[in-house]
Amino acid sequence: VSHCTTERPPETIAIVGAGVVGRGWVPVFARSGHEIRIHDPSPGQLESARDWIESFLLSSPAVRGHSPKLRFCAHLEEALQGATYVQESIQENLIAKRDLFERLDRLCEAGTLLCSSTSSLDINDIATSTAHPGRCFTVHPFNPAAVLPVVEILATRAGSGTTTERVAGILRRAGQVPVVLHRFVPGYIGNRLQAALMREALALVDAGVADADAVDALLTHGLALRWVILGVFGTNHTNADHGIREYYERFWGSYRELIGTLAVETPAVEGPMIDAISATLEKRFGNASIPEIARWRDRLVLELRKVQLSTLPPAGTAG
Ligand SMILES: NC(=O)c1ccc[n+]([C@@H]2O[C@H](COP(=O)([O-])OP(=O)(O)OC[C@H]3O[C@@H](n4cnc5c(N)ncnc54)[C@H](O)[C@@H]3O)[C@@H](O)[C@H]2O)c1
């Protein structure tokens, strides 16, 4: 699924670091016809990224027929030549990212955008090694990026609205949905929301309220079905006849009380608790392998995404 247009000249994209996340970026940019260079200093990683990318592209109707322009580069300099946009995806380590950004800043042309896939570091800290922090951004994807379109964007304090819009525009044209943050917060938005839900889910299992299947059923057959359409605030808005103001007036008091009872202590995730969760999941999935389950998951997400994009919201609804 994509909203790609080819009105603008294609970018030259350098993917630096070809692990799980780096290779996952390739189909995103490939489906909008960009030229892509993929660099990883480890020959083994570059080779396995090539295998993964070929098999993903072959099975993806959104990319088939585009004959993607890919080049696998053993040297960073080769990958950066003429690059207009760099997506750094090396391991989550501040020193390593700082060191790489210093080189990227030195080797790239003046207008090249330098984006990091970091999921927990502050781009302001990474960009201290560069002479041009205004062109450095966090562009945080979810995995795999070609299946989950949302990306979190954060500019540095030296960044401008115009440059942020340039980054967002490139991602939007590649079929992604950019969400721009105004300042850094650990875990950005997505992982904070996941962490809050994960903490409570683990606490419920830990307290013996229900098992992992029951907690997941509440989401997959319940809450998540509305969230996929409306999110948290949109769901609240439609759960009172007159909308969000009435919702807060009527229900906020009891939610506030309930929030007071939520797990504050993070439960110890170890030993018998891991055994119990693992046994529940083994029973649920039988002998299917994890890659098989993940492929099934991704196929269904893409189907849901098609439905989500094909159904018009009620008149007057933006977006
Ligand atoms: N794994 C996820 O689900 C996920 C999701 C979103 C964002 N992220 C972020 O994406 C980044 C990459 O995560 P990952 O899970 O793909 O890691 P990974 O360990 O799978 O891959 C990292 C790759 O970077 C390569 N590398 C190391 N130093 C390099 C250098 N100087 N230049 C080029 N390549 C280099 C390694 O050889 C390796 O192939 C991290 O910042 C992580 O926080 C991860």
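**Note on the cysteines, the ligand shell and Asp 105**

1. The closest cysteine sulfur to that of Cys 136 belongs to Cys 115, and at 8.5 Å the two are too far apart for a bond. This note concerns a predicted model. Cys 136 has a relative accessibility of 0%, and therefore counts as buried.

2. Cys 73 was examined in the same terms. Its sulfur has that of Cys 108 as the closest cysteine sulfur, but the separation is 12 Å, which is too far for a bond. Cys 73 is also buried, because its relative accessibility is 0%. The cut-off for a disulfide is a sulfur pair within 2.5 Å. A search of the whole structure returns 0 disulfides.

3. Which residues come nearest to the ligand? Of the 21 residues around the ligand, these are Asp 40, Gln 45, Glu 92, Lys 97 and Ser 119. Sorted by class, the shell consists of 12 polar, 6 nonpolar and 3 charged residues.

4. Individual polar approaches to the ligand can be specified. A polar side-chain atom of Glu 92 is placed 2.5 Å from a ligand oxygen, and Glu 92 is also among the residues that come nearest to the ligand. A polar backbone atom of Val 21 lies 2.9 Å from an oxygen atom of the ligand. For Gln 91, an N or O atom of the side chain is 3.5 Å from a ligand nitrogen. The ligand on its own has 840 Å² of accessible area, of which the protein covers 74%. Two elements, α1 (20-30) and β6 (136-141), each give two or more residues to the shell around the ligand.

5. Asp 105 deserves a separate comment. This residue is part of helix α4, which spans residues 94-107. Is Asp 105 buried or exposed? Its relative accessibility is 8%, so Asp 105 counts as buried; the cut-off for that class is under 20%.

6. The surroundings of Asp 105 may be described as follows. Its side chain reaches the backbone nitrogen of Ala 131 at 2.6 Å. Apart from neighbours within four places in sequence, the residues in contact with Asp 105 are Leu 114, Thr 130, Ala 131, His 132 and Arg 135. Ala 131 thus appears in both descriptions, as a contact of Asp 105 and as the residue whose backbone nitrogen the Asp 105 side chain reaches.

Methods: Residues are numbered from 1 along each chain as its sequence is written. This is a predicted model: local features need pLDDT of at least 70, side-chain atom pairs count only at pLDDT 80 or more; totals for chains, interfaces and linings use all residues. Side-chain values use heavy atoms; hydrogens and water are left out. Helices (H or I, at least four residues) and strands (E, at least two) are DSSP runs, numbered from the N terminus. Buried means under 20% relative accessible area, exposed over 50%, partly exposed in between (1.4 Å probe, protein chains only). A polar contact is a pair of N or O atoms within 3.5 Å; within protein, one must be able to donate a hydrogen and the other to accept it, and residues adjacent in sequence count only if both atoms are side-chain atoms. Contact means heavy atoms within 4.5 Å. A residue is near a molecule or strand if one of its heavy atoms lies within 4 Å of it. Accessible areas come from the Shrake-Rupley method with a 1.4 Å probe; for residues, only the protein chains shown count as cover. Ala, Val, Leu, Ile, Met, Phe, Trp, Tyr, Cys and Pro count as nonpolar, Asp, Glu, Lys and Arg as charged, and the others, Gly among them, as polar.
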